[in-house]
Structures are given as structure tokens and as C-alpha cells.
Amino acid sequence: MTRLVPRPDGALEAPRPVEFPFMAPRLQGRISQDGKLEISLWGAGDLGALKLAPWTGRQAHAPNRLTWPGGGVWLARSRPAL
């Protein structure tokens, strides 16, 4: 089990990949530990899946945001965008 550690900025930090669910007004999905990004549109179903390049280093988890050294995934809250 991976332990998430709170940071002063409110994000949670993980030493290795953990599953990351996200949700905006219509766009939702998850990123699995192996980097598979699954995207759905609320009310319409699955849109597709992508395989992200492996990342290393510590991750920071915050609402609709996952970052790591050299990259990250940010989800817009006002419009369906990734």
C-alpha cells in the first residue's frame, strides 16, 4: 500500500504511482498505476483510453490535477478539457 503524505499547499504526495480518478462537469475518468488513461463523457459513456509514457519520481495529487517531475495531467473544471 502506498502512503499519501500531505504537503503544505494542500496536495497529497506519493512516492510511486497510485490510481488517480478525476471528474469535471461532464468529463471523467481515471489514470491507473501503469499509466493507462481512461476517459468517459457523463451521460454518453466511454470515449477511449490512452497509454501514457512511464513517469518516475514523486507524484503530487490535488483536485483534478496529477503532477510529477517533468509532466502531469490537469483537468479543466469549467469545460470538458484535458
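Select threonine 67 and glycine 72: glycine 72, in E9, is the bridge partner of threonine 67. Strands, labelled E, are DSSP runs of at least two residues, and helices, labelled H or I, are runs of at least four, both numbered from the N terminus. This is a predicted model, in which local features need pLDDT of at least 70, side-chain atom pairs count only at pLDDT 80 or more, and totals for chains, interfaces and linings use all residues. Residues are numbered from 1 along each chain as its sequence is written, and side-chain values use heavy atoms, with hydrogens and water left out.

**Strands E8 and E9**

Extend the selection to E8 and E9, which pair in the antiparallel sense over 4 bridges; two strands count as paired if DSSP finds at least two bridges between them. They form a hairpin with 2 residues between them. In that turn, pick glycine 70, whose phi is positive at about 90 degrees.

Now show the side chains of E8 (residues 65-68). Leu66 and Trp68 point to one face and are buried, while Arg65 and Thr67 point to the other and are not. Buried means under 20% relative accessible area, exposed over 50%, and partly exposed in between (1.4 Å probe, protein chains only).

**Strand E7 and glutamine 59**

Go to E7, which pairs with E8 in the antiparallel sense over 3 bridges. Alanine 60 has threonine 67 in E8 as its bridge partner. The hairpin of E7 and E8 has 2 residues between the strands, and asparagine 64 there takes a positive phi near 55 degrees.

Next, select glutamine 59, placed in strand E7 (residues 59-62). Glutamine 59 counts as buried because its relative accessibility is 0%. Its side chain makes a polar contact with the side chain of histidine 61 at 2.8 Å. A polar contact is a pair of N or O atoms within 3.5 Å; within protein, one must be able to donate a hydrogen and the other to accept it, and residues adjacent in sequence count only if both atoms are side-chain atoms. Leaving out residues up to four places away in sequence, glutamine 59 touches Leu12, Glu13, Ala14, Arg16, Pro17, Val18, Leu66 and Thr67, where contact means heavy atoms within 4.5 Å.

**The open sheet**

Display E1, E2, E7, E8 and E9 together: they make an open sheet of 5 strands in the order E1-E2-E7-E8-E9, with antiparallel pairing. Strand E1 (5-6) and strand E9 (71-74) are at the edges with a single partner strand each, so one side of each has no neighbour in the sheet. At the E1 end, E1 and strand E2 (residues 12-14) pair in the antiparallel sense over 2 bridges. Valine 5 stands opposite glutamate 13 in E2.

**Strands E3 and E4**

Move to strand E3 (residues 20-23), where Phe20 and Phe22 form a covered face and Pro21 and Met23 an uncovered one. E3 is joined to strand E4 (residues 27-31) by 4 bridges, and the two run antiparallel. A hairpin of 3 residues connects E3 to E4. Phenylalanine 20 stands opposite isoleucine 31 in E4.

**The loop after E4**

Select aspartate 34, in the loop between E4 and strand E5 (36-41). Aspartate 34 counts as exposed because its relative accessibility is 51%. A polar atom of its side chain lies 3.4 Å from the backbone nitrogen of lysine 36. Add tryptophan 55: its C-alpha atom is separated by 9.4 Å from that of aspartate 34, with the two residues 21 apart along the chain.

**Salt bridges**

The structure holds 7 salt bridges, each a side-chain nitrogen of Lys or Arg within 4 Å of a carboxyl oxygen of Asp or Glu. Select glutamate 38, which meets arginine 30 at 3.1 Å, N to O, and lysine 36 at 3.4 Å, N to O. Lysine 36 counts as partly exposed because its relative accessibility is 36%. Salt bridges with shared partners also join Arg7, Asp9, Glu13 and Arg58 into one network. Within it, arginine 7 and aspartate 9 have their closest N and O atoms 2.6 Å apart.

**Whole chain**

Finally, zoom out: the protein has 0 helices and 9 strands. Buried residues make up 32% of its 82 residues.
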